[in-house]
Amino acid sequence: MTRDAYYRGDGVPRGDTALPEPPPWRTFPRSSAAGVFRPPAGLTEAVNAALALRRPLLITGGPGTGKSTVIEQVAAELALGPVLLWHITSRSNLADALYRYDALGRIHAHRLQQEKARSGVDAGVDDVAAFLTLGPLGTALLPSDRPRALLIDEIDKADLDLPGDLLDVLERGEFHITELMREEQHTARVRTWKSDVRHVVREGYVQCTEFPFIVMTSNGEQELPAPFLRRCVRYTMPKPTAALIRDVVRGHLGLEVGESGPTAELVDQFVRRVASGESVAVDQLLGTLHLLNGHTRSQGTERERLIALLMKDLSGA
């Protein structure tokens, strides 16, 4: 075996075994890939059109093609601040993306206030805003001097009604917080998404002053309704070329890929597999090259087994 075996399967403790350095994209806290992302042809035009028209950008493509990295690069280049993330599942709904109201928490707090009042202790004020938290979309729509960046990841995994529910909010750039309006709370300081920062909301009404830069990604697993598509700038990630993949490998691994040799052969094989319709991702290739070109290089049969292990078609088991 030419590669170091960190785990050997013999049950012998080896607490002094030094583990390898992780790949650059698997270090934590996670660092942005904005500096090494290579936009394919036509993507910069699509981004600029979405920015100019104040429309969401819908990017369709296979897994691992860099769809979600686009917004990180745009946000970094244009100083739009941290990217807000709304990851879509079949249970996602518009209400939670706008804001969440902790009704049970408020009931519990109200009971504690009643107990304090009976004991003669100052119970404080019942503030509904303390139990409200804006979601990623709600935070993106807050008034600001510059657009915020919002990633709506895998929109095609949503319930069929969600794209339609989004239409009005994305057209108007506004929403209401029902709980504040119901209690006629004229001014409230509401917590923003994944932050202790609070923002003043007046009359329960949120209206953006700069429409956020929104990127929505799709794996093409579900057709989206025409009224929704009409309100987006759409871009489909092209099939990768050998030249583009060489650039990606150079950016992520600092590895120069020539026109021939084992690494070039693996890159060409990857491009051919994608072109033929197989579902293999760029990060699979990067991980494979990271191991194959590490400080202890795999050769012969071990190399082939490693490639087969890491480069499996994603559409299979």
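Glu-154 counts as buried in this predicted model, because its relative accessibility is 18% and the limit for a buried residue is under 20%. The residue is placed in the loop between β5 (149-153) and α6 (162-172). Its backbone deserves attention as well: phi of Glu-154 is near 60 degrees, a positive value in a residue other than glycine. The side chain of Glu-154 takes part in a salt bridge with Lys-157, in which the closest N and O atoms are 3.7 Å apart. Lys-157, the partner, counts as partly exposed, with a relative accessibility of 30%.

Glu-154 also enters the description of Lys-67. Lys-67 is buried yet has no salt bridge; the nearest side chain of opposite charge is that of Glu-154, 6.4 Å away. That separation does not qualify as a salt bridge, because the criterion requires a side-chain nitrogen of Lys or Arg within 4 Å of a carboxyl oxygen of Asp or Glu. What Lys-67 does have is a polar contact of 3.2 Å between its side chain and that of Asn-219. In sequence, Lys-67 belongs to the loop between β1 (57-60) and α2 (69-78). Once neighbours within four places in sequence are set aside, the residues in contact with Lys-67 include Ile-59, Thr-60, Gly-61 and Gly-62. Val-215, Thr-217, Ser-218, Asn-219 and Met-237 are also among its contacts.

The salt bridges can now be considered for the structure as a whole, where a search finds 16 of them. One of these pairs joins the side chains of Glu-259 and Arg-246, with an N to O distance of 3.7 Å. Glu-259 lies in the loop between α9 (242-253) and α10 and Arg-246 in helix α9, so this pair ties together parts that are 13 residues apart in sequence. The two partners differ in their accessibility class: Glu-259 is exposed, with a relative accessible area of 67%, whereas Arg-246 counts as buried at 12%.

Helix α9 also holds the pair formed by Arg-250 and Asp-247, a salt bridge whose closest N and O atoms are 2.5 Å apart. These two residues are 3 residues apart in helix α9, which means that about one helical turn separates them. Arg-250 counts as partly exposed at 33% relative accessibility, and Asp-247 is partly exposed with a relative accessible area of 29%. Elsewhere, Arg-55, Glu-171 and Arg-231 are linked in a network of salt bridges.

The loop between α9 and α10 also contains Gly-254. Gly-254 is exposed, its relative accessible area being 58%. Between the C-alpha atoms of Gly-254 and Gly-300 the separation is 24 Å, and the two residues are 46 residues apart along the chain.

Helix α12 (residues 300-310) offers a view of how one helix is divided between buried and exposed residues. Glu-302, Arg-303, Leu-306 and Ile-307 are buried in α12. These residues are on the same side of α12, because they cover an arc of only 135 degrees around the axis. The buried residues pack against α10 (262-275) and α11 (282-292). On the face turned away from the buried side, α12 carries the exposed residues Thr-301, Arg-305 and Leu-309.

Two further backbone features complete the picture. Lys-194 is not a glycine, yet has a positive phi of about 50 degrees. This residue lies in the loop between β7 (187-191) and β8 (198-202), and Lys-194 is exposed, with a relative accessible area of 72%. The other feature is a cis peptide bond joining Phe-28 and Pro-29, for which omega is about -5 degrees. Pro-29 is located in the segment before α1 (43-53).

Finally, the confidence of the prediction bears on how these details are read. The protein averages a pLDDT of 89, and 94% of the residues score at least 70. Among the elements, helix α5 (residues 136-140) has the highest mean pLDDT, 98, while helix α4 (residues 103-118) has the lowest, 79. Where pLDDT is low, the predicted coordinates should not be read in detail.

Notes. Residues are numbered from 1 along each chain as its sequence is written. This is a predicted model: local features need pLDDT of at least 70, side-chain atom pairs count only at pLDDT 80 or more; totals for chains, interfaces and linings use all residues. Side-chain values use heavy atoms; hydrogens and water are left out. pLDDT is the predictor's confidence in each residue, from 0 to 100. Helices (H or I, at least four residues) and strands (E, at least two) are DSSP runs, numbered from the N terminus. Buried means under 20% relative accessible area, exposed over 50%, partly exposed in between (1.4 Å probe, protein chains only). The arc is that of the directions from the helix axis to the C-beta atoms. Contact means heavy atoms within 4.5 Å. Lys and Arg count as positive and Asp and Glu as negative; His and the chain ends are not counted. A polar contact is a pair of N or O atoms within 3.5 Å; within protein, one must be able to donate a hydrogen and the other to accept it, and residues adjacent in sequence count only if both atoms are side-chain atoms.
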